[in-house]
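Work through these exercises with the structure open beside you. Try each task before you read its solution.

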Amino acid sequence: MASTLLTSTSLFGRRLFSPASTRQPHQLLVTLFNKRPFQRRTDPVHLVFGARSFVCSAVASSDLGSNSSFSTQTMSTGEPVVSVDWLHSNRREPDMKVLDASWYMPDEQRNPIQEYQVAHIPGALFFDVDGISDRTSKLPHMLPSEEAFAAAVSALGIENKDGVVVYDGKGIFSAALWVLDGGLPSWRASGYDVESSASSDAIVKASAASEAIEKVYQGQAVGPITFHTKFQPHLVWTLEQVRKNIEDRTHQHIDARSKARFDGVAPEPRKGIRSGHVPGSKCIPFAQMLDSSQTLLPVDELKKRFDQEGISLDNHFVTSCGTGVTACILALGLHRLGKTNVPVYDGSWTEWGADGDTPVSTLENAAPES
C-alpha cells in the first residue's frame with residue numbers, strides 16, 4: 001500500500017509519515033468545496049505518503065508564514081481534496097509540487113508511465129506507486145520504511161516546505177493524500193491544458209526515486225535528504241491486528257473491493273488468492289464514494305452509503321481493499337465525514353486471502369473457514 005499515501009496533512013487524516021520538523025504549516029492544500037474564507041491552521045500539516053498511491057494525494061508541511069503566495073480563494077481547512085480550479089490557479093507557485101500517481105490493475109493493461117508521457121498536468125512529476133515501495137515484501141506496493149520513503153521523496157525534489165497535490169488518470173483511485181478531486185479526467189473536462197511529452201527532468205527524477213529506495217534497502221548511502229519524516233505506525237495495520245480485531249471488534253472493518261469479490265462469487269484478479277472477506281467486515285465498494293465524474297460525494301450522500309450498509313459513524317474504522325490502494329478512498333470519504341486517523345490494512349486481501357491460516361467468510365458460507 002505504500003504507493004497510496006504521500007500523506008501530508010492527512011490521508012484524509014492518515015498521517016503515515018509526518019514531517020520531523022515542527023515548523024508551522026503553510027495553508028496550502030485546504031480545499032475549496034466549502035466556500036469559506038481561508039483560515040490559518042495551528043496544527044502541523046503532515047505529509048502522509050504511502051507508496052501505494054501517494055495512496056491516494058497530499059500536502060507537505062511548510063513554513064511560508066505571512067508571505068505565502070498561494071491563493072487564499074474560498075478554501076476550507078477541513079477538506080481532504082482540492083478542486084481543479086484551485087490547482088490551476090496555484091500550480092505555478094514555487095513551493096507547489098504536483099504528482100501523477102496513476103496506477104492500474106493488471107487486467108486493465110494500462111501503462112501509467114506511458115500515459116503520463118502522453119498527457120499529464122503541466123509541470124507534474126511522476127510518482128511510481130510500485131517503484132516507491134518496500135523491497136523486502138513480496139506483496140505489491142507495500143509501504144516502505146521511513147528512511148526509504150524520505151529518500152525517494154527527496155529524489156523527486158520535494159522538501160518539507162512544499163505543498164503537494166496528487167492525482168491519477170482515473171479520477172480518484174490511486175491517489176490518497178491531498179487529492180485532486182476528479183483527477184486528470186476532471187482537469188481535462190474543465191478545459192485545462194495538458195502536456196503531451198515528459199521532460200527529461202521528470203523521467204530522471206522518477207527513476208532516481210526508485211533507485212534511492214533500492215539503495216536504502218541495500219544499506220547504501222543516499223542523499224541529499226530534503227524531506228524528513230516520522231512514521232505513524234497506528235495508521236498502518238498488519239495481518240495480526242486484523243486477526244485480533246475479529247475477536248475484539250474495536251474497529252469496524254470496511255472493504256473497498258467489489259461486492260462480488262467480497263461475497264466470494266467472483267475470482268480474485270491475482271492467482272493463488274482465495275475469494276471472500278474477513279469475518280465481521282462489511283463492503284462499501286470504493287466507487288460508491290464517488291459521483292459519475294469521479295469526484296468525492298458530498299457529506300449527505302456519503303452518509304447514505306454508510307447508512308445503507310448499517311454502519312454507524314460512531315464506530316472506529318479500519319479499511320482494506322485488494323492491495324491497500326482503494327482502501328484509501330474509503331478513508332477519504334470517512335475524513336469528509338469527520339472520521340480522521342482511519343488506519344488502512346496495508347497487505348489487504350492480497351495478503352489475507354493468500355494466507356492459508358486466515359479465516360475467510362463468503363456469501364454462501366457465513367461461518368469463517370480456517
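**Exercise 1: A helix and its two sides**

Task: find which residues of helix α8 (residues 299-308) are buried, and where they sit on the helix.

Solution. Step 1: the buried residues of α8 are L302, R305 and F306. Buried means under 20% relative accessible area, exposed over 50%, and partly exposed in between (1.4 Å probe, protein chains only). Helices (H or I, at least four residues) and strands (E, at least two) are DSSP runs, numbered from the N terminus.

Step 2: look down the axis of α8. Its buried residues fall within an arc of 90 degrees, so they line one face of the helix. The arc is taken from the directions from the helix axis to the C-beta atoms. An α-helix has 3.6 residues a turn, so residues three or four places apart point the same way.

Step 3: turn to the other side of α8. There, D307 and Q308 are exposed.

Step 4: look for the cover. β12 (252-255) and α9 are included in what covers the buried residues of α8. Contact here means heavy atoms within 4.5 Å.

Step 5: go past the end. G310 follows α8, and its phi is positive, near 70 degrees.

A note on the model: it is predicted, so local features need pLDDT of at least 70 and side-chain atom pairs count only at pLDDT 80 or more, while totals for chains, interfaces and linings use all residues. Residues are numbered from 1 along each chain as its sequence is written, and side-chain values use heavy atoms, with hydrogens and water left out.

**Exercise 2: A loop residue**

Task: is T323 buried or exposed? Which side chain does its own side chain contact?

Solution. Step 1: place T323 in the loop between β14 (317-320) and α9 (327-336).

Step 2: check its accessibility. T323 has a relative accessible area of 5%, so it is buried.

Step 3: check its partner. The side chain of T323 makes a polar contact with the side chain of H141, at 2.8 Å. A polar contact is a pair of N or O atoms within 3.5 Å; within protein, one must be able to donate a hydrogen and the other to accept it, and residues adjacent in sequence count only if both atoms are side-chain atoms.

**Exercise 3: A strand residue**

Task: how far apart are V164 and V179 in sequence and in space?

Solution. Step 1: find V164 in strand β7 (residues 163-167).

Step 2: V164 has 0% relative accessibility, so it counts as buried.

Step 3: compare the separations. V164 and V179 are 15 residues apart in sequence and 9.1 Å apart in space, C-alpha to C-alpha.
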